[in-house]
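Visitor: Could you walk me through this structure, one question at a time?
Guide: Gladly! Let's look at it together.

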Protein chains: 2
Amino acid sequence: MAHLTPHVALGPGAEFDLIRAMLDAWGDIAEGIGDDAALLVVPPGERLAVSTDSSVEEVHFRRHWITPEEIGYRATQAALSDLAAMAATPLGILVALSIPDSWRRDIGAMAAGIGEAAREAGAPIRGGDLTTGAVLSLTITVLGSASSPLGRGGVKPLDHLYVTGALGGPARAVEAWEAGEVPGSWCRERFARPRARVREARWLAARGAHAMIDISDGLASELRHLAHASHVELRIEVERLPCGAGGSWREALSGGEEYELVVCTPQELDVDGFARTFGIPLTRIGQARRAEHPAVTAMFRGERVDLTTGHDHFSS
Amino acid sequence: MAHLTPHVALGPGAEFDLIRAMLDAWGDIAEGIGDDAALLVVPPGERLAVSTDSSVEEVHFRRHWITPEEIGYRATQAALSDLAAMAATPLGILVALSIPDSWRRDIGAMAAGIGEAAREAGAPIRGGDLTTGAVLSLTITVLGSASSPLGRGGVKPLDHLYVTGALGGPARAVEAWEAGEVPGSWCRERFARPRARVREARWLAARGAHAMIDISDGLASELRHLAHASHVELRIEVERLPCGAGGSWREALSGGEEYELVVCTPQELDVDGFARTFGIPLTRIGQARRAEHPAVTAMFRGERVDLTTGHDHFSS
């Protein structure tokens, strides 16, 4: 176990060679690494938002699916997505890696992917931990600040429900790989290079959003979280769901690891302005309703349909 | 991948059963878990100190060495030790766990150990991430605040060098286990139940300490970090080293994962007052000297001796 340590203090050990490879890949997006803990200043009047997220080989990805750069990039965007969901501004990133021998020569490329995602978010890499281990694992901790953070519990009856981007790509990429096929390029890109909707979230928060959540475990599952935390019924019209590359609404509902945002707002949003600004769609998919018991209902052309459940790694 | 989510939103899945077991073990030391990111307030005028630390099975411990409670307790204390080294006050903890099937029934006990360490530090558990995986891995992120954080770069020539506690126990415990023997109870306890020196660090900082570091990779290795970061020579008198349970000074110098503190202060400290307050010794072990090149020198009865190196997981 070693903390990431700056060039000046690096000794001759193999551990330090790995750290040096990471620092070389990061360049000036790594900042002030070297003490036992990183020091950050949270802007006065703002709260700190912090989240941690693990990507584990054979659980979240397989080696032949994506490149080491993409493994690093994806793990970091997945973590940043939790800051986006709170409408927080990223302040910094900590990177805890467990690296088996068979992955050691890929550490520079993996770090480059982490660095690219950090750069896009404007979040310096402030430290981390490096250890060996039998399984490749990346645990990324993201720190941000927000003056008015959004949570899951703020949905009000009559709020409109929107979702960013187009859904279903990552799940279809995984399905293709698991079947020994090559996924379509859009689906592959959505799995390998998701983008945390950090700027989009701030746009949405500035327009009065009441609540937000990112889609890590599938839209249906995240809607249930929102409904329970806010004690409302969320009624979605599945024919409105933005399905990517000819996918079905069932795929859009159940597919996980999208890292798109579901947002609830009291008034209708300028979806054209959003699309022009960010180059992705913003789609109204339903509405919140007052309810005795929290619920998610799905309607297809006015008829209620069954919801599939989200992904659960521990179900067997 | 799932964020730890509160009781109210828990569905019927196996993943949620595991989260429920953890929340049950934590009780009121878990706080506000449920949104995508945890929100914390850093006291005005203070900086945030944050660090992340992984404990991986077969790297940092083996299954038959210590109990699941101890695995959780130890991983959390190890992470908290980085806050101690900065003289920071703990604010919160995030827990990222990767749990193989064979460890699932132990998750409540592991969480109890994590909770015990969090309670001792006064640091609520604020969130985390739970995933399956082929290897048991705990990545603990600790957050704290400090008005005058201490680093590694503040050592001044003529500063006195002190170390808390008694050294060598964890390394001797590991040696015994690896040889198929039962370690002595003091050595075992030092490995299984280390204590982050959080209160001790604040006592030391209040008495004018210039610099501090915790001993995760072995005293000799940490002294080198201090010497390089501060550009001084650190000269230690090895016969002064506090060796536990009849250990040798070489064991005290090289043994890792002690989680004791090395501290540098301009004046001599009240070691008796320290021992009375905290129940562990504080020992003066040497002094800093002005030097052309950063160095650590070890003297035994006035003669210079060779230093063994610290532990490097990646050397083979």
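Guide: One term before we start: two strands pair if DSSP finds at least two bridges between them. Keep in mind too that this is a predicted model.

Visitor: Which residue stands opposite Leu48(A) in strand 2 of chain B?
Guide: Look at strand 3 of chain A, residues 47-56, and strand 2 of chain B, residues 38-40. They pair in the antiparallel sense over three bridges. Across from Leu48(A), in strand 2 of chain B, stands Leu40(B).

Visitor: What ipTM does the model score?
Guide: Two scores are given for the model as a whole. The pTM is 0.92, and the ipTM is 0.90.

Visitor: Where in chain A does pLDDT stay under 50?
Guide: Chain A averages a pLDDT of 91, and 93% of its residues score at least 70. One stretch, with 19 contacts beyond four places in sequence, stays under 50. That stretch of chain A is residues 5-11.

Visitor: Which strand gives the largest share of the side of chain B that touches chain A?
Guide: The contact between the chains takes 67 residues from chain A and 67 residues from chain B. Nine residues of chain B's side come from a single strand, the largest share. That strand of chain B, covering residues 47-56, is strand 3.

Visitor: How many residues on that side of chain B are nonpolar?
Guide: The side of chain B that touches chain A can be sorted into three groups. Of its residues, 23 are polar and 13 are charged. The nonpolar ones number 31.

Visitor: Which helix gives the most to the side of domain 1 of chain A that touches domain 2 of chain A?
Guide: Chain A is assigned domain 1 (2-146) and domain 2 (160-305), with 27 Å between their centres, taken over C-alpha atoms. In chain A, 17 residues of domain 1 are in contact with 17 residues of domain 2. With eleven residues on the domain 1 side, the helix that gives the most is helix 2 (residues 68-85) of chain A.

Visitor: Which residues touch the most other members of the largest nonpolar core?
Guide: In soluble globular proteins, nonpolar side chains tend to be buried together. The largest nonpolar core here has 215 residues. Beyond its neighbours within four places in sequence, Val262(B) is in contact with several residues, including Leu161(B), Val163(B) and Leu226(B). The core residues that touch the most other members are Met212(A), Val262(A), Met212(B) and Val262(B).

Visitor: Is Ala245(B) buried or partly exposed?
Guide: Ala245(B) is in the loop between strand 9 and helix 8 of chain B, and its phi is near 50 degrees, a positive value in a residue other than glycine. A residue needs 20 or more other C-beta atoms within 10 Å to be buried, and 12 or fewer to be exposed. Because Ala245(B) has 15 C-beta neighbours inside 10 Å, it counts as partly exposed.

Visitor: And Glu257(B), is it buried or exposed?
Guide: Glu257(B) lies in the loop between helix 8 and strand 10 of chain B. Its phi is near 55 degrees, a positive value in a residue other than glycine. Because 24 other C-beta atoms lie within 10 Å, Glu257(B) is buried.

Visitor: Which residue in strand 11 of chain B stands opposite Glu233(B)?
Guide: Strand 11 of chain B is joined to strand 7 of chain B by five bridges, running antiparallel, and there Tyr162(B) stands opposite Arg284(B). Strand 11 also pairs with strand 9 of chain B in the antiparallel sense, over four bridges. Opposite Glu233(B) stands Arg289(B).

Key. Residues are numbered from 1 along each chain as its sequence is written. Chains are lettered from A and ligands numbered from 1 in the order in which they are written. This is a predicted model: local features need pLDDT of at least 70, side-chain atom pairs count only at pLDDT 80 or more; totals for chains, interfaces and linings use all residues. A nonpolar core is a set of buried Ala, Val, Leu, Ile, Met, Phe, Trp, Tyr and Cys residues joined through C-beta atoms within 7 Å. Two residues are in contact if their C-beta atoms, placed from the backbone, lie within 7 Å. pLDDT is the predictor's confidence in each residue, from 0 to 100. Helices (H or I, at least four residues) and strands (E, at least two) are DSSP runs, numbered from the N terminus. Ala, Val, Leu, Ile, Met, Phe, Trp, Tyr, Cys and Pro count as nonpolar, Asp, Glu, Lys and Arg as charged, and the others, Gly among them, as polar. Domain bounds come from an automatic or database domain assignment.
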